[in-house]
Amino acid sequence: MKQSNNWYLELLFGVRDMLPMSVAAATYGLAFGLLATQSGFNIFQTISMSALVFGGSSQLVAIEQLSIGLGAASAILAGSALNMRILLVTATMRNVLAARP
């Protein structure tokens, strides 16, 4: 594989292409951090939840469940039920997406 001499230009194109997603992710991260802090979570708990919980909506539900004292099992169950919608949407779109790469 030949290495490109325009690696810097390719890097800039990558930054340009990812900028909208980065702004959205940073905005959500700020909102989640503020909510977690207001709910009494410390910095370690907040960062751990961001690293371990993939779905953003599940993070918000888990913060709510844990802050009212329902426990981790309730938070996991609520987050799983909330993200189950993705499985159902994907299953219904199987035929449409099957021919795509």
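**Exercise 1. Find the helix that holds threonine 37, and state whether threonine 37 is buried or exposed.**

Step 1: Threonine 37 lies in helix H1, which covers residues 7-38. Helices here are DSSP runs of H or I with at least four residues, strands are E runs of at least two, and both are numbered from the N terminus. The model is predicted: local features need pLDDT of at least 70, side-chain atom pairs count only at pLDDT 80 or more, and totals for chains, interfaces and linings use all residues. Residues are numbered from 1 along each chain as its sequence is written, and side-chain values use heavy atoms, with hydrogens and water left out.

Step 2: The relative accessible area of threonine 37 is 55%, so this residue is exposed. The classes are buried under 20%, exposed over 50% and partly exposed in between, with a 1.4 Å probe and protein chains only.

Step 3: From threonine 37 to alanine 72 the C-alpha distance is 18 Å, with their positions 35 residues apart in sequence.

**Exercise 2. Work out which class serine 22 and glutamine 38 each belong to.**

Step 1: Serine 22 has its place in helix H1, and glutamine 38 is in helix H1 too.

Step 2: Serine 22 has 38% relative accessibility and therefore counts as partly exposed. Glutamine 38, at 68%, counts as exposed.

Step 3: Now add distances. Serine 22 and serine 67 are 45 residues apart along the chain, and 28 Å separates their C-alpha atoms. For glutamine 38 and asparagine 5, 33 residues apart, the C-alpha separation is 49 Å.

**Exercise 3. Decide whether glutamine 59 is buried or exposed, and list which residues it is in contact with.**

Step 1: Look in helix H3 for glutamine 59.

Step 2: Its relative accessibility is 5%, so glutamine 59 counts as buried.

Step 3: With neighbours within four places in sequence left aside, glutamine 59 is in contact (heavy atoms within 4.5 Å) with Tyr28, Phe32, Met49, Ser50 and Val53.

**Exercise 4. Describe the largest pocket: how much space lies in it, and what lines it?**

Step 1: The space in the largest pocket is about 200 Å³. On a 1 Å grid over the protein atoms alone, a pocket is an open set of points where a 1.4 Å probe fits, with protein on both sides within 12 Å along at least five of seven lines; lining residues have an atom within 4 Å of a point.

Step 2: Among the lining residues are Met49, Val53, Leu66, Ile76 and Asn83. Helix H3 (56-67) and helix H4 (72-92) are the elements that give two or more residues to this lining. H4 gives the most, with six residues.

Step 3: Sorted by class, the lining has seven nonpolar, four polar and no charged residues. Ala, Val, Leu, Ile, Met, Phe, Trp, Tyr, Cys and Pro count as nonpolar, Asp, Glu, Lys and Arg as charged, and the others, Gly among them, as polar.

**Exercise 5. Explain why the chain is more spread out than a compact globule.**

Step 1: The chain has five helices and zero strands.

Step 2: The radius of gyration is 19 Å, well over the 13 Å from the globule rule for 101 residues, so the chain is more spread out than a compact globule. This radius is taken over C-alpha atoms, and the rule is 2.2 Å times the number of residues to the power 0.38.

Step 3: For further detail, the C-alpha trace spans about 55 × 40 × 25 Å along its principal axes. Buried residues make up 14% of the 101 residues.

Notes: Grid points are joined across faces, edges and corners, and a volume is the space filled by probe spheres set on the points.
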